[in-house]
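Here are some exercises to work through with the structure open beside you. Try each task yourself before you read its solution.

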Amino acid sequence: MKKTFISLVALLLTAGALSAQQQVSRMATQQPVHHSNSCGGVNLSIWKGIATQRADTLGSTWLNLGIVSYMNRLNGLSVNVLAGATRTDAIGLQLSGIANATGGSMQGIQVAGITNINGDKLRGISLSGLVNISGDKAQGLMASGLVTISGEELQGVSSGGLLTLPGEHSRGMQISGLANITREKAA
């Protein structure tokens, strides 16, 4: 186990050094950093800012492996020991020991030990140990051990061990151990 951990840290540090070397080389030759929607790739991350892929790029991450990761956009698989955050949208599979957070929309499957948070929409499956939150709209399945909250609209199934809070335009099924609270339209 100790050798595996040391090997992983060495791999992450090597990848980070290579990325830093490329950045220095670009700056030395006055080449601009490429910021296109088509660039993307593999991100190996120890912590926010200590990663092989910059979070401020416009590109997408296809494979993310890390302890704590912060990326612009996910189009693939993200696996994090603690947490993963996506600045814009995520399409694919997000797995984290503690939390997943997506600033925009999530389409696919999220699994986290404690919480999943989607700023805009969820389309797919979101499973967490304690809390699931979708900011605007949720389509599919949201299930958590404690509370599930969907913004304006839920289409599908919302399940919380203690409480579900679906939006005012919800259709589907709400299952909870204590209460389902539906918000009514203001008159």
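**Exercise 1.** Leaving aside neighbours within four places in sequence, find the residues that Ile149 is in contact with.

*Solution.* Keep in mind as you look that this is a predicted model. Begin by locating Ile149, which sits in strand 12 (residues 147-150). Next, skip its neighbours within four places in sequence and list what remains in contact with Ile149: Asn132, Ile133, Ser134, Met142 and Leu165. Then compare sequence with space: Pro166 is 17 residues from Ile149 along the chain, yet their C-alpha atoms are 5.8 Å apart. Finally, check the accessibility. Ile149 has a relative accessible area of 25%, so it counts as partly exposed, the class between under 20% and over 50%.

**Exercise 2.** Decide whether Ser78 is buried or exposed, and describe its surroundings.

*Solution.* Start with the position: Ser78 belongs to strand 4 (residues 74-86). Its relative accessibility is 1%. Buried means under 20%, so Ser78 is buried. Now look at the side chain of Ser78, which makes a polar contact of 3.0 Å with the side chain of Asn80. Last, leave out residues up to four places away in sequence; Ser78 then touches Asn64, Met71, Leu93, Gln94 and Leu95.

**Exercise 3.** Which residues make up the largest nonpolar core?

*Solution.* The core has 8 residues in all: Met71, Leu74, Ala90, Met106, Leu122, Ala138, Met142 and Leu154. Two of these names may look familiar: Met71 is among the residues touched by Ser78, and Met142 is among the contacts of Ile149. Now zoom in on Met106. Not counting residues up to four places away, Met106 touches Ala90, Gly92, Gln94, Asn118, Lys121, Leu122 and Arg123.

**Exercise 4.** Find the 2 salt bridges in the structure, and say where their partners lie.

*Solution.* Take the side chains of Arg73 and Asp89, which meet in a salt bridge with an N to O distance of 3.3 Å. The two partners are 16 residues apart: Arg73 lies in the loop between strand 3 (60-71) and strand 4, and Asp89 in the loop between strand 4 and strand 5 (90-96). Both turn out to be partly exposed, Arg73 at 22% and Asp89 at 27%.

Now go to Glu153 and Arg171, whose closest N and O atoms are 3.6 Å apart in a salt bridge. This pair links distant parts of the chain, with Glu153 in strand 13 (residues 153-160) and Arg171 in strand 15, 18 residues away. The relative accessible area of Glu153 is 17%, so Glu153 is buried by the under 20% cut-off.

**Exercise 5.** Which residues form a nonpolar patch on the surface?

*Solution.* Look for Ile98, Ile114, Leu130, Leu146, Leu162 and Leu178, which together offer about 490 Å² of accessible area. Then pick one of them, Leu178, and place it in the loop between strand 15 (171-176) and strand 16 (179-180). With a relative accessible area of 65%, Leu178 is exposed.

**Exercise 6.** Step back and describe the whole protein chain.

*Solution.* Count the elements first: the chain has 1 helix and 16 strands. Of its 187 residues, 33% are buried. The accessible surface comes to about 9900 Å², and carbon and sulfur atoms account for 65% of that surface. To finish, take the contacts between residues at least 6 apart in sequence: 5% of them join residues at least 24 apart.

Notes: Residues numbered from 1 in each chain as written. Predicted model: local features only at pLDDT ≥ 70, side-chain atom pairs only at ≥ 80, totals over all residues. Heavy atoms only, no water. Patch = residues over 30% accessible without salt bridge, like charges linked within 9 Å, V, L, I, M, F, W, Y side chains within 5 Å. Areas by Shrake-Rupley, 256 points an atom, 1.4 Å probe, with all protein chains shown as cover. Salt bridge = Lys/Arg side-chain N within 4 Å of Asp/Glu carboxyl O. Helix = DSSP H or I, 4+ residues; strand = E, 2+ residues; numbered from the N terminus. Buried < 20%, exposed > 50% of the residue type's maximum accessible area, 1.4 Å probe, protein only. Polar contact = N/O pair within 3.5 Å; in protein donor to acceptor, adjacent residues only side chain to side chain. Contact = heavy atoms within 4.5 Å. Core = buried A, V, L, I, M, F, W, Y, C linked by side-chain atoms within 4.5 Å.
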